[in-house]
Amino acid sequence: MTGMLDGKSALITGAGSGIGRAAALAFVREGAWVAAADRNLDAAKATVAAIEAMGGEAVAIACDVTDDAQVAAMVAAAVNAFGGLDCAFNNAGVAPYQLNSAGVLTADLEEASWLGLIDINLHGVWRCLRHEVVQMRKQGGGAVVNTASILGLIGSGGAAAYVASKHAVVGLTKAAAIDHAPENIRVNAVCPGYIETPMTEETVRRRGEALMARVPMARMGRPEEIAEAVVWMCSDRAGFVTGSCWQVDGG
Ligand code: NAD
């Protein structure tokens, strides 16, 4: 049986946990080689171990997406490992509580929380994207998927920096898709709803059942359900899809 990503090399950030790890496993299942990057190298190595246990091929790379030199080195390491870069999933991100700003109203946000979150969730995606595109244009094409959120499409209280960062990822995706379409590079985004990952454990603890009242399907999604959409957008089956921001959110 042939996989949707047979013979393709892929780079995934935030691959040590949650959606990134699920995507890494799904990419391998569909025939790709995976460079699993995370600022937590042990977590990336655990993802690689899970891939190797499935008989797949992967390398772990330490990279903090707030450091441009580390991002450049990450892309170079992925290219070095697999001889090129066909797909990239720019997924590393943090939630407001990780910068001590969960539930903080817009006017009360500390500048350091605002800048810290934007530097990871928005600037991190941009740093990765530009180094990846430089490589992909040398090869004559490629596919990039960025992780936005449903909060890149609608507002939410007590999360201004996060909502702003994810709206900006949607805008960046649309702009980059136009810029690089003539170079045969597709750029799309996935917009997950509430997904069961370590990131949402804290939110679920704080908001409980109230969270599900906003979801027509009345459940959280699984990281594997986001990975399915990302695999498809990276595959040649999505050859005419660029600049799209795909909601995977239970309605
Ligand atoms: P997670 O916390 O399980 O995983 C995030 C991973 O990113 C971690 O392994 C972490 O080490 C890594 N990371 C964080 N900052 C980094 C940095 N500066 N450099 C490199 N790696 C870094 O979270 P998740 O739920 O899998 O989230 C993945 C992405 O999905 C994020 O961009 C998040 O905003 C987005 N998202 C998640 C949900 C959800 O409900 N879980 C919903 C919408 C969007």
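Which side chain meets that of Arg127 in a salt bridge? Select Arg127 and Asp119: their side chains meet in a salt bridge, with 2.7 Å from N to O, where a salt bridge is a side-chain nitrogen of Lys or Arg within 4 Å of a carboxyl oxygen of Asp or Glu.

Before moving on, bear in mind that this is a predicted model, in which local features need pLDDT of at least 70 and side-chain atom pairs count only at pLDDT 80 or more, while totals for chains, interfaces and linings use all residues. Residues are numbered from 1 along each chain as its sequence is written, and side-chain values use heavy atoms, with hydrogens and water left out.

**Helix 4**

With the pair still selected, colour by accessibility: Arg127 is buried, at a relative accessible area of 12%, whereas Asp119 is partly exposed at 21% (buried means under 20% relative accessible area, exposed over 50%, and partly exposed in between, with a 1.4 Å probe and protein chains only). Now extend the selection to helix 4, residues 111-139; helices (H or I, at least four residues) and strands (E, at least two) are DSSP runs, numbered from the N terminus. Asp119 is also the centre of a kink of about 40 degrees in helix 4, the bend at a residue being the angle between axes fitted to the seven residues ending there and the seven starting there. The 29 residues of this helix should span 42 Å at 1.5 Å a residue, and the end C-alpha atoms are 41 Å apart, which agrees; the expected span is 1.5 Å times one less than the number of residues. Just past the helix, select Gly140, whose phi is positive, near 90 degrees.

**From helix 4 to helix 3**

Select Arg130 and Asp68 next, which form a salt bridge with their closest N and O atoms 3.0 Å apart. Arg130 lies in helix 4 and Asp68 in helix 3 (residues 68-82), so the pair ties together parts that are 62 residues apart in sequence. Arg130 is partly exposed, with a relative accessible area of 35%, and Asp68 also counts as partly exposed, at 27%.

**A network of charges**

Move to Arg219, Arg222, Glu224 and Glu225, which are linked in a network of salt bridges. Within this group, the side chains of Arg222 and Glu225 meet at 3.5 Å, N to O; Arg222 is partly exposed at 41%, and Glu225 is partly exposed at 25%. In total, the count comes to 9 salt bridges.

**Arg186 in strand 6**

What is the nearest side chain of opposite charge to Arg186? Select Arg186, in strand 6 (residues 185-192), together with Asp236, which is that side chain and is 5.4 Å away; Arg186 is buried yet has no salt bridge. (Lys and Arg count as positive and Asp and Glu as negative; His and the chain ends are not counted.) Show backbone oxygens as well: that of Met233 lies 2.9 Å from a polar atom of the Arg186 side chain, and that of Ala238 lies 3.0 Å from a polar atom of the side chain of Arg186. Leaving out residues up to four places away in sequence, Arg186 touches, among others, Gly142, Ala143, Val144, Cys234 and Thr242, contact meaning heavy atoms within 4.5 Å.

**Val34 in strand 2**

Finish at Val34, in strand 2 (residues 33-38), which is buried with a relative accessible area of 0%. Add Ala24 to the selection: Val34 and Ala24 are 10 residues apart in sequence and 6.5 Å apart in space, C-alpha to C-alpha. Residues touching Val34, not counting those up to four places away in sequence, include Ala10, Ile12, Phe27, Ile51, Glu57 and Phe82.

Terms used:
A polar contact is a pair of N or O atoms within 3.5 Å; within protein, one must be able to donate a hydrogen and the other to accept it, and residues adjacent in sequence count only if both atoms are side-chain atoms.
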